[in-house]
Structures are given as C-alpha cells and as structure tokens.
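Good morning, everyone, and thank you for making the time. Please have a look at the model on the screen, and then I will take you through a pocket and two helix packings.

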Amino acid sequence: SPEEMTAVCKYWYEQYQAVPAVISHDTLEMILPEPIPEDKADEFVKEYYAFCQDTIDQGVPMPLLKETVKYSTVWQFWWD
C-alpha cells in the first residue's frame, strides 16, 4: 500500500539517507549518498526481502544482493 511504502522509505531515509528517485506502477529506485556500512548489510537484505520478495524470488540471490548493497548507491525494487 502507499502508506506502507511511505513508511519504509521514511525508515530507510532515517537509517541510510536513501531517497526515492524513480517510482512507477511496478518499480521503485532509491539513491543513497554512499553505500550502506558493511556491518548493516545482513540486516538490510532481510528488510529488502520483507519489502520486495519479487526481486529475490525471481532471480537475484540474497548473497549477491548483500554484496551489491555494500558497494552501490542505487537500490532497485520491482514487483510483478
């Protein structure tokens, strides 16, 4: 729901300064000023999966996502 998405975006802004950059009917992209700290990657990947299972269930393994978020300043989510 829009309320849930807003709450998650607000939380991630407070935690990582991530802001929504692209929103469409099935996609959300967020940008960050810097990648998340390595020690928070495990926690974030669990949050990511709780928020958007489609990305992982349809092809992006959790270990790959964990490695990616440690170096990336862009997060991508999509839903079918």
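Let me begin with the lining of the largest pocket, whose residues divide into eight nonpolar, three polar and no charged. Before I go further, please keep in mind that this is a predicted model.

Which residues line this pocket? They are Y48, T55, V60, L64, L65, T68, V69, V74, W75, Q76 and W78, and the space that lies in the pocket comes to about 160 Å³. If you would like to place the lining on the fold, look at helix α4, residues 62–69, and at strand β3, residues 74–78, each of which supplies at least two of the lining residues.

Now I would like to stay with α4 and ask how it sits against α2. The axes of these two helices come within 9 Å and cross at roughly 120°, which makes α2 oblique to α4, and the crossing is right-handed. On the α2 side you will find A41, D42, F44, V45, Y48 and Y49, and these meet M62, L65, K66 and V69 in α4. Sorted by type, the residues of this contact divide into eight nonpolar, no polar and two charged. Please notice Y48, L65 and V69 in particular, since they belong to this contact and also line the largest pocket.

The other packing again involves α2, residues 41–51, this time with α1, residues 2–16, and here the axes are 12 Å apart at an angle of about 165°. Why is α1 described as roughly antiparallel to α2? The reason is that an angle over 145 degrees counts as roughly antiparallel, and the angle here is about 165°. The crossing of α1 and α2 is left-handed, whereas that of α2 and α4 is right-handed.

As for the residues involved, α1 brings M5, V8, Y11, W12 and Y16 to the contact, while α2 brings E43, F44, E47, Y48 and F51. This contact, too, divides into eight nonpolar residues, no polar ones and two charged ones.

If you take one residue away from this talk, let it be Y48, which contacts α1, meets α4 and lines the largest pocket.

Definitions and conventions: Residues numbered from 1 in each chain as written. Predicted model: local features only at pLDDT ≥ 70, side-chain atom pairs only at ≥ 80, totals over all residues. Heavy atoms only, no water. Axes fitted to C-alpha atoms, helices over the stretch in contact; angles between N-to-C directions. Helix = DSSP H or I, 4+ residues; strand = E, 2+ residues; numbered from the N terminus. Left-handed = near helix turned anticlockwise from the far one by under 90°. Contact = heavy atoms within 4.5 Å. Nonpolar A, V, L, I, M, F, W, Y, C, P; charged D, E, K, R; others polar. 1 Å grid on protein atoms, 1.4 Å probe; cavity = no way out; pocket = protein on both sides within 12 Å on 5 of 7 lines; lining within 4 Å. Points joined across faces, edges and corners; volume = space filled by probe spheres on them. Parallel < 35°, antiparallel > 145°, perpendicular 65-115°, else oblique.
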